[in-house]
Amino acid sequence: LKWLKPVRPLHLHSEAGRSPCISGSPAYAAMSLLEEGKSLMAVEKEEDKKSEPKTSRTKGDFSRATDFIASLKDMPEDSPIKKGIACFLKYGVKPLIIIVMAYVWVFKQLYKIYKLLPMNIVSIIFGVGLCFFGGTYFAAIAAAEAAINLGGADMWEHFKTCYNEASFVAVANTEDDKLDANKDGIVDVQQMSTNDLINHKAKVAMMSVKDPMKLQQAVTALINVWVAVIATLKFQFAKTVAVALGIANMLSLPACRVVGPLLCSVMGPDLNHWVPTIIDTTIKIITVWFATYIQSCISAFYSGLRGGRIIAESIFNIMTERGWMDKLPDCLTAKPFDPDQSYLDEAIQYPIAAFGFYYQITHGFALEFPWNLICLPLTIIEWIIRFQVYT
């Protein structure tokens, strides 16, 4: 140990930051052995940690996601994920684009007709749809009213921006599917590998977008409106769901007493502990469905009244513009005709509303052919909104 005492005139500093000692002395050798021993012990501890099974996670979600993405770099060409994406791009995207373009063409023609027709005729058509089909789309109608109030006039400009850019992408994709650059009689997309096809389609879509910044702003604005609409509808229909779940809680015990013995005998003693859960879940599903049906009835009644009023007012506006009201007998209308003093529109409104409500109830809020195909996009939107609101 006496050699561990440093000598002031002759001490040197080691490269690894060791304590000052005389180079070549026994103390220097002892310090070197000590450092090597420490490093060996650290290595052994690391190996022991690796060999021991982990009892908890040592990485965060971001690190785990980074490792997962890094593992995808060496994914083979015939991996299931790449095969699925390639199959979807080849055989799924094209039919989907054709269906979307067909509906786009239909809506373009309807928009041309809308521009040609007088507003009173358009109002009658809208009133008929609201009066006879309003209960079917109660969530979509409520969402549209909320979106108009929250989004305002700018929302339509954002829709036009997204529609225009999507049209450019669809046209570019259609032209790309026909391209045969090497003139060998086989289109290029059928000769590409999975990676090349994915990258190529993404590049075509990005190149066809004319104004990415404007598209990004429009999409962001529409997403904000969507979130606000869903929050509003959740609050609006929260009472309906709360009442349905309250009814379910009150019916769970009587249902267990009535149906429980039958389920217990069917499922056996090993699965008897599942019987209360199955009964409670079933009761909740039934009550929520029943609450939705009641909400449809309320919306059908409201839409019938509103649609009937729109139809009646539009009809009397047309008759007033053409001077037909002044030709009616004096017992029906005063001369000159004053719409504010007439009650003939109410006499037409309520029978139409009653018939529309009766039609919706008797048809179970379902659309018949061909209206179910024409309104298929609206039906999809309706169920998406219902899923967002009730979950």
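Two residues are in contact when heavy atoms of one lie within 4.5 Å of heavy atoms of the other. With that in mind, take Val229 in this predicted model: Val229 touches Ala143, Ala146, Ala147 and Leu150, leaving aside residues up to four places away in sequence.

**The chain as a whole**

Let's step back for the overall picture. The chain has twelve helices and zero strands. Of its 391 residues, 27% are buried. Among contacts with a separation of 6 or more, 73% join residues 24 or more positions apart.

**The nonpolar cores**

Where does Val229 fit in? It is among the residues with the most contacts inside the largest nonpolar core, together with Leu233, Phe237 and Ile385. That core has 23 residues. Several helices each supply at least two residues of this core, and here they are with their residue ranges:

| Helix | Residues |
|---|---|
| H4 | 119–133 |
| H5 | 138–151 |
| H6 | 154–177 |
| H8 | 212–267 |
| H12 | 376–390 |

Which helix gives the largest share of this core? The answer is H5, with seven residues. Apart from this core lies another one, of five residues, including Ala248, Ala255, Ile279 and Ile283. As a general background, nonpolar side chains in soluble globular proteins tend to be buried together.

**A closer look at Leu130**

Leu130 sits in helix H4. Is Leu130 buried or exposed? Its relative accessibility is 9%, so Leu130 counts as buried. Leu130 also shows how the chain brings distant parts of its sequence together: Leu130 and Gly304 are 174 residues apart in sequence, yet their C-alpha atoms are 6.7 Å apart in space. Gly304 is one of the residues that Leu130 touches, and the others are Ile141, Ser303, Arg306, Gly307, Ile310 and Gln360, again not counting residues up to four places away in sequence.

**How H6 meets H7**

Two packed helices are described by the angle between their axes and the distance between the axes. For helix H6 and helix H7 (residues 194–208), the axes come within 8 Å and cross at roughly 135°. That angle makes H6 oblique to H7. The crossing of the two helices is right-handed.

Which residues meet here? From H6 come Glu165, Phe168, Val169, Ala172, Asn173, Asp176 and Asp177, while H7 brings His200, Lys201, Val204, Ala205 and Ser208. This contact is a mixture: five of its residues are nonpolar, three are polar and four are charged.

Key:
Residues are numbered from 1 along each chain as its sequence is written. This is a predicted model: local features need pLDDT of at least 70, side-chain atom pairs count only at pLDDT 80 or more; totals for chains, interfaces and linings use all residues. Side-chain values use heavy atoms; hydrogens and water are left out. Axes are lines fitted to C-alpha atoms, for helices over the stretch in contact, and angles run from 0 to 180 degrees between N-to-C directions. Helices (H or I, at least four residues) and strands (E, at least two) are DSSP runs, numbered from the N terminus. Angles under 35 degrees count as roughly parallel, over 145 as roughly antiparallel, 65 to 115 as roughly perpendicular and the rest as oblique. A crossing is left-handed if the near helix is turned anticlockwise from the far one by less than a right angle, and right-handed if clockwise. Ala, Val, Leu, Ile, Met, Phe, Trp, Tyr, Cys and Pro count as nonpolar, Asp, Glu, Lys and Arg as charged, and the others, Gly among them, as polar. A nonpolar core is a set of buried Ala, Val, Leu, Ile, Met, Phe, Trp, Tyr and Cys residues joined through side-chain atoms within 4.5 Å. Buried means under 20% relative accessible area, exposed over 50%, partly exposed in between (1.4 Å probe, protein chains only).
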